[in-house]
Amino acid sequence: MHVQYVALCDQVVLGQDGRPSLVNIFNDLQVPQLPTTLPRLSFAARLLFTAEELGRNCRVEVVITDAKGQELGRPGGDLTLPPPPAGVESLAVDIPLQFDLFEVQNVGRYTFLLHVDGKPSAAVQLTVRQG
């Protein structure tokens, strides 16, 4: 398994063909006051599995920690990988997670750490400043 990308954005839109469009990718946020609530925050990841890895289940979680290092949540679930189609060497799987009304309490770095089968695999950080 290879992580092709992880990102934070305002929204992930899935097209009719299944391809994701990431709207307004960011990793820095300046807010007028704290605490504040973001109307919508989306986490997006793309994982590339080889044909040998397909046809099984894996567990995917995103461990979210705040600027003080305290865990805010651990959304995730089981991912069922289809069997490999004939002649296919790898398959990309998109993982969009949407958080409505995401609360930001403090300035500093918030971390979104992707775990695949219990192993840390990739991360993206959100730096919050007040100004």
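Contact here means that heavy atoms lie within 4.5 Å. The model is a predicted one, and the report begins with a single acidic residue before turning to charged pairs, a strand and an aromatic cluster.

**Surroundings of E53**

E53 is found in the loop between strand 4 and strand 5, and, once its neighbours within four places in sequence are set aside, it is in contact with M1, L48 and L81. What is the nearest side chain of opposite charge to E53, and how far away is it? It is R56, at 4.9 Å, and E53, although buried, has no salt bridge. A salt bridge requires a side-chain nitrogen of Lys or Arg within 4 Å of a carboxyl oxygen of Asp or Glu, so the 4.9 Å that separates R56 from E53 does not meet that limit. Backbone nitrogens do come within reach of the E53 side chain: that of T50 is reached at 2.8 Å, while that of M1 lies 2.3 Å from one of its polar atoms.

**Salt bridges**

Across the whole structure, a search finds 9 salt bridges. The table gives some of these, including one made by R56, the residue already named beside E53.

| Salt bridge | N to O distance |
|---|---|
| D17 and R19 | 2.7 Å |
| D117 and R56 | 3.2 Å |
| R59 and E61 | 3.7 Å |

In the pair of D117 and R56, D117 lies in the loop between strand 9 and strand 10 (119-130), whereas R56 lies in the loop between strand 4 (36-50) and strand 5 (57-65), so this salt bridge ties together parts that are 61 residues apart in sequence. D117 counts as partly exposed at 39% relative accessibility, and R56 is likewise partly exposed, with a relative accessible area of 30%. For the bridge between D17 and R19, both residues are exposed. In the remaining row of the table, R59 counts as partly exposed at 35% relative accessibility, whereas E61, at 16%, counts as buried. R59 and E61 also belong to a network of salt bridges in which they are linked with E71, R74 and D78.

**Strand 3**

Which side chains of strand 3 point to the buried face? Along this strand, which covers residues 28-31, the side chains alternate, with L29 and V31 pointing to one face and being buried, while D28 and Q30 point to the other face and are not buried. Strand 3 pairs with strand 10 in the parallel sense over 4 bridges, and within strand 10 the bridge partner of V31 is Q130.

**Aromatic cluster**

The count of aromatic pairs comes to 3. In one of them, the ring centres of F99 and F102 are 6.2 Å apart and the planes stand at 55°, so the pair is tilted. F99 and F102 are both buried. F102 also forms a tilted aromatic pair with F112, at 5.9 Å centre to centre and with 35° between the planes. Because F102 lies in strand 8 (residues 90-104) and F112 in strand 9 (residues 108-116), this pair ties together parts that are 10 residues apart in sequence. The relative accessible area of F102 is 9%, which places it among buried residues, and F112 is buried with a value of 0%. Through these ring pairs F99, F102 and F112 are linked into a cluster.

Methods:
Residues numbered from 1 in each chain as written. Predicted model: local features only at pLDDT ≥ 70, side-chain atom pairs only at ≥ 80, totals over all residues. Heavy atoms only, no water. Phe/Tyr/Trp six-rings, centres within 6.5 Å; stacked < 30°, edge-to-face > 60°. Buried < 20%, exposed > 50% of the residue type's maximum accessible area, 1.4 Å probe, protein only. Helix = DSSP H or I, 4+ residues; strand = E, 2+ residues; numbered from the N terminus. Pairing = 2+ DSSP bridges. Lys, Arg positive; Asp, Glu negative; His and termini not counted. Polar contact = N/O pair within 3.5 Å; in protein donor to acceptor, adjacent residues only side chain to side chain.
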